[in-house]
Amino acid sequence: MSVIEVTNLTKYYGKSRGIVDVSFTEEEGEIFGFIGPNGAGKSTTIRLLLSLIHPTSGSARIFGKDVTTHGPEIRRDIGYLPSEVFYYEGMKVIDLLKYSASFFDCDCIQRMHELSETMELDLNRRISDLSYGNKKKVGIVQGLLHSPKLLFLDEPTAGLDPLMQRKFFDLIRAENARGVTVFFSSHILGEVQRLCTRVGIIREGKIVEISNIRALQQNNYKKISVAAERLTPAAFEMPGVTNVQVEDGTLRFFFKGDINAVLQKVGAIQVTDVTIEEPTLEEIFMHYYE
Amino acid sequence: MNIFLRELKANLKSLLIWSAIIALLIMIAAAKFSAFAGNPEMLAILDSMPPAMLDAMNMRAFNLTTLSGFYGLMFLYFGLMGAMAAAIWGSDIISKEERDKTVEFSLVLPVSRSHVVTAKALAALVNCIAFVLITWGISLVAVRSYSPDQVFHEFLRLEMLAMFLIELIFLAVGLLLGCAMKRYKLSASTAVGIILGTYMLSILSEMQKDLDFLKYFTPFRYFDAGEFFHSGTLEGIYLLLTALILVVCVAAAYLTYNRRDLYI
């Protein structure tokens with residue numbers, strides 16, 4: 001079953017572009033990565049799905065229900081971690097979390113304590129005294145405490161130290177293992193690569209590519225480096241070779257095409273070292289940006 | 001219910017501050033009134049003042065040496081204070097979520113926007129009721145030593161009712177501004193601007209007889225202490241206008257808030 005179905009969703013803020021003609025679906029139990037540079041329209045898409053803002057045209061459905069007409073109903077099963085977390089400053093963390101829990105039909109208190117323990121969150125501090133990272137932790141606990149079926153994460157790791165990031169990812173994986181669908185928006189590709197099964201790439205408000213993360217890496221470029229004595233770029237002059245760099249006798253380049261062609265060339269020279277790698281998502285991504 | 005209770009708690013401080021201000025005002029005025037009370041010389045001084053000025057201050061309708069007369073003059077402050085407090089409460093209670101950027105939390109909760117507006121409006125309404133009751137209570141304490149009679153109590157009751165209706169009008173106006181204006185910074189100041197504007201209008205319509213028709217456009221003329229002191233009742237046409245303003249503003253508030261994009 002599709003948890004999220006977005007059809008030709010378009011949003012203009014007056015004349016300035018939000019997103020244009022965005023369509024994609026996310027299946028139940030998936031972790032969908034939504035990647036794009038700042039200002040590409042990632043947050044706009046999420047806010048449309050949460051009906052904080054309304055579409056100019058097109059539509060979106062979550063759990064099979066239209067987001068503009070069934071907002072409150074849909075949001076019962078949604079957890080949202082915004083990129084910047086703001087709560088009522090005067091409240092204590094525990095009061096805020098209890099307040100949030102009171103809107104859901106659940107006994108969330110035990111889960112609140114478990115989550116806070118995992119994220120090492122001090123419940124007795126005032127929101128206004130918290131650092132950016134600690135506010136983010138409150139956001140994580142608040143977003144998860146009612147055991148939502150669908151999670152929206154908008155640049156979730158900003159402000160968390162590496163240790164906390166790992167705990168957070170473990171938490172998300174555990175949630176996903178329970179069947180929770182995750183919509184993960186980020187501009188940091190490494191983390192998307194670690195977590196997601198499928199990605200959508202958005203640029204200047206438009207979806208450029210939606211694909212399986214494996215396919216994205218495999219059907220694309222190979223990253224090849226060859227080390228040999230007296231090696232010149234001329235040795236690998238052939239169609240499909242790009243981004244050639246020479247450094248200390250090592251030749252690095254990207255290759256797209258039949259890998260055997262490269263292997264033949266490699267076989268023809270006396271090499272000291274060869275590596276053929278999948279490019280990182282980052283490198284693929286730069287390609288889409290250019 | 002949880003939104004309502006949280007808002008009550010969050011607005012308590014503001015209610016206390018407004019109450020303290022009005023308490024101070026009443027106490028100072030009551031102390032000053034001791035110089036006027038039953039003093040015929042004061043009447044002579046007032047009579048020598050230019051009539052236009054007396055009109056502007058609404059001082060002609062009352063005998064300022066009596067307690068009721070003095071309280072008729074006080075109504076000016078009650079109306080203005082009530083209007084200010086109500087308008088600010090009404091607009092802030094909605095727009096502060098956008099100002100403090102908490103909309104991404106509070107409106108992602110599984111509640112409809114209408115539900116949010118209702119809960120918040122009710123919390124602001126409770127504040128308005130409390131503000132009138134506090135004003136009433138402090139008034140009773142402040143005038144105790146002047147042995148108020150039945151006429152005064154009846155007049156005070158009408159004044160408090162009128163103050164409450166003014167509060168309601170500006171609460172609804174404030175609510176509408178908070179709901180409709182995306183530029184949250186402007187909503188409270190626009191509300192205060194409307195209050196000052198309509199107040200000026202009420203003075204103007206009173207001083208220039210050919211501008212009398214303007215009285216329908218300013219809630220401050222709907223409840224004229226001089227008139228209801230003498231008639232002993234609030235005028236039906238103005239009550240109708242009040243009801244109309246309330247319905248229109250509240251309906252427009254719900255409509256716009258449901259339709260517009262939240263400012264994030």
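**Notebook: strands, helices and a chain contact**

I started at one residue pair: I78(A) stands opposite L150(A) in β7(A). Note to self: this is a predicted model.

**Around β6(A)**

I looked up the strand that I78(A) belongs to, β6 of chain A, residues 78–81. How many bridges join β6(A) to β7(A)? I found four, and the two strands run parallel. β7(A) covers residues 150–154. Another partner I noted is L151(A) in β7(A), which is bridged to G79(A).

Next I asked which residues of β6(A) sit on which side. I78(A) and Y80(A) are on one side, G79(A) and L81(A) on the other. I have each of these four down as buried, with both faces of the strand covered. That fits a rule I keep handy: in a regular strand the side chains alternate between the two faces of the sheet.

**The sheet as a whole**

I then traced the sheet across chain A and got six strands in the order β6-β7-β8-β3-β9-β10. The sheet is open and its pairing is mixed. Which strands stand at the edges? They are β6 and β10 (206–212) of chain A, and each has a single partner strand, so one side of each is left without a neighbour in the sheet. From one strand to the next, I get a twist of 15° on average.

I also checked what lies across these strands. Helix α1 of chain A, residues 42–49, lies across β3 (31–35), β7, β8 (181–186) and β9 (198–203) of chain A. To β7(A), this helix runs at about 150°.

**A look at F24(A)**

I picked F24(A), which is in strand β2 of chain A, residues 16–27. Is F24(A) buried or partly exposed? I put it down as partly exposed, because it has 19 C-beta neighbours inside 10 Å, while a buried residue needs 20 or more. Setting aside residues within four places in sequence, I found F24(A) in contact with V6(A), G200(A), I207(A) and I210(A). G200(A) is 176 residues away along the chain, yet the two C-alpha atoms are separated by 8.1 Å.

**Chain A in numbers**

I counted up chain A next: 10 helices and 14 strands. It has 290 residues, and 37% of them are buried. The C-alpha trace spans about 70 × 40 × 35 Å along its principal axes. For contacts between residues at least 6 apart in sequence, I have 70% joining residues at least 24 apart.

The domain assignment splits chain A into domain 1 (2–217) and domain 2 (220–289). I get 38 Å between the centres of these two domains, over C-alpha atoms.

**Where chain A touches chain B**

I looked up the contact and found 19 residues from chain A and 17 residues from chain B. On the chain A side, α2 (71–75) and α3 (93–101) are the elements giving two or more residues. Which one gives the largest share? That is α2(A), with three residues. By class, I list 12 nonpolar, four polar and three charged residues on this side.

**Two helices in chain B**

Last, I looked at α7 (residues 150–180) and α8 (residues 184–207) of chain B. They pack at an angle of about 145° with axes 9 Å apart, and the crossing of α7(B) and α8(B) is right-handed. In α7(B), the meeting residues include F170(B), V173(B) and L177(B); α8(B) brings, among them, A191(B), I194(B) and I195(B). I class this contact of α7(B) with α8(B) as six nonpolar, four polar and no charged residues.

Methods
Residues numbered from 1 in each chain as written. Chains lettered and ligands numbered in written order. Predicted model: local features only at pLDDT ≥ 70, side-chain atom pairs only at ≥ 80, totals over all residues. Domains from an automatic or database assignment. Buried ≥ 20, exposed ≤ 12 C-beta atoms within 10 Å, placed from the backbone. Contact = placed C-beta atoms within 7 Å. Axes fitted to C-alpha atoms, helices over the stretch in contact; angles between N-to-C directions. Left-handed = near helix turned anticlockwise from the far one by under 90°. Nonpolar A, V, L, I, M, F, W, Y, C, P; charged D, E, K, R; others polar. Pairing = 2+ DSSP bridges.
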